[in-house]
Amino acid sequence: MWLNVTSMKMIILGAGNIGLVTALCFAEKGHEVYCVDNNQSKVNNLNLGVSSIYEPGLEPLLKKHLSEKRIHFTTELSEFIEQSDVVVVAVGTPNSPSGEIDLQHVNAAVSQIASLSTKPKTVILRSTVPPGTNQSLSLKFPKINFISSPEFLREGSAVHDGLHPERLIVGSNKTEHLKLFQEMYQNFEITPSQIIQMDPASAELSKYAANIFLATRISLINEFSRICEKTGANIQQIKKAIGMDSRIGSEFLNAGIGYGGSCFPKDIDALISFAASLSEKLNIVQATKETNKSQVCIFAEKIKVRFKDSASKNLALWGASFKPETDDLREAPSLKLISFLCSAGFNLNIYDPKATTALSELFKNNSQIKISTTAQLAVTKADALVIVTEWSEFGSFDMTQLKSSLKNSIVFDGRNQLDPQKMKQLGFEYYSVGRPS
Ligand code: UGA
């Protein structure tokens, strides 16, 4: 039964990273939300207040809105569809092995909505889909009003991003859909100019454009870091110099071992494949991908070269998730690095603040890998430390203690997290990315 409140009644289809955060943010802003997922055990756990993903601020919101009965998790769409004001589709859009986007979950979700609704429905497409998807679904399901509204939530700060959106895209040519968004977001601190209406295809393509621009910045700064390493220039200074140019800006200019995660690599492959279907070759996007692929290998090679004459090859690895504040290992550069180092004969002792369970499961049959439960345990008696993901606890770790824990005072910093000057003063042999050693 729906609560008798003046808020909107919303259904979110999909309780993954995006669906779950979206559902909780709408609940937090006063709507009554039913989040539907076909994974029964995930739904059972969520109804008990247990989330399958780590995301800062998520569990407190989950517990709060379960106890206030503002959010409900279910596998049954049929019970609630008729009374809902709006349905948000936030199911996964994985790529096929050839990189093509696979819309089977979106298609199944929309077919289900259509078959269960007796009245016209408004459906917001939040899943990342190629341009033209809205149009083809509209032709196939004429009783559904589709709005394309891609999300811009970053893992690790998704709850914050969901509660404080920088902009909202209303991909629809109907003015009543802009009004619907104004109503849906009336309790969010957002000004009318932050709600942008545009045609559905532009909305769909905007999502790819945002992610691929960001990924390209990362690959570009990583290419500059390679030149820095060969010329003695310092990538941090380059970042400062260009970041102060308001046309460029300072965000997403951190050199490192490359980007990962469930979004950038997938969206790049999907766009390359989509463009190929239009007989377009995306040279810059392809180059972004290639540079990212080789970035982690260049870093791994430095470690291999440094240890080529060593009999003892025991490394501590700090961080494995694709970025800090998440337990997500999807497309994490750590996985490529680990595989490279294992093939080169290293033994690894890995610590990640949130990914311990996933790492233990992943590497349970690998005798070269040990998973530690603290940063200290991982470095004790290791020959060197490798920083893979810049969790804040690594930046505040006592470096004198680190020095006495390691067998050799060698640190490879893949995220430029530590200060090279301080490391030098403390007597470390310190390698980072694009900064003089
Ligand atoms: C990305 C976008 O930033 C979100 O706006 C978007 O909504 C999301 O994808 C999505 O499509 O759902 P996310 O993948 O969670 O978010 O994480 P980012 O913060 O974008 O980081 C991606 C990768 O780039 C990470 O591996 C990170 O370490 C790396 N990165 C980021 C760098 O190597 N250098 C930087 O300067 C910034």
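Strand β5 (residues 121-125) pairs with strand β6 in the parallel sense over five bridges, where strands and helices are DSSP runs (E, at least two residues, and H or I, at least four, respectively) numbered from the N terminus, and two strands pair if DSSP finds at least two bridges between them. The model is predicted, so that local features need pLDDT of at least 70 and side-chain atom pairs count only at pLDDT 80 or more, whereas totals for chains, interfaces and linings use all residues. Residues are numbered from 1 along each chain as its sequence is written, and side-chain values use heavy atoms, with hydrogens and water left out.

Within this pairing, K121 stands opposite I144 in β6. From β5 the chain crosses through helix α5 (residues 133-140) to β6, and this β-α-β crossover is right-handed, that is, with the strands pointing away from the viewer, the path from the first strand over the helix to the second runs clockwise. Strand β6 (residues 144-148) is mostly covered, with four of its five residues buried (under 20% relative accessible area, as against over 50% for exposed and in between for partly exposed, with a 1.4 Å probe and protein chains only). H177, placed in helix α7 (residues 175-184), is likewise buried, with a relative accessible area of 4%. Leaving aside neighbours within four places in sequence, H177 is in contact (heavy atoms within 4.5 Å) with T122, N145, F146, I147, V170 and S172.

An open sheet of six strands, paired in parallel, has the order β11-β10-β9-β12-β13-β14. Its edge strands are β11 (369-371) and β14 (429-431), each of which pairs on one side only. Strand β10 (residues 347-351) and β11 pair in the parallel sense over three bridges, and the bridge partner of N349 in β11 is K370. Helix α11 (residues 283-306) packs on the sheet and touches β9 (314-318), β12 (384-387), β13 (410-413) and β14, its direction making about 165° with that of β13; angles run from 0 to 180 degrees between N-to-C directions, and axes are lines fitted to C-alpha atoms, for helices over the stretch in contact. Helix α12 (residues 333-343) also packs on the sheet, touching β9, β10, β11 and β12, and its direction makes about 155° with that of β10.

Turning to helix pairs, the axes of helix α8 (residues 200-231) and helix α9 (residues 235-243) come within 9 Å and cross at roughly 135°. The contact is made by I221, F224, S225 and C228 of α8 together with I235, I238 and I242 of α9.
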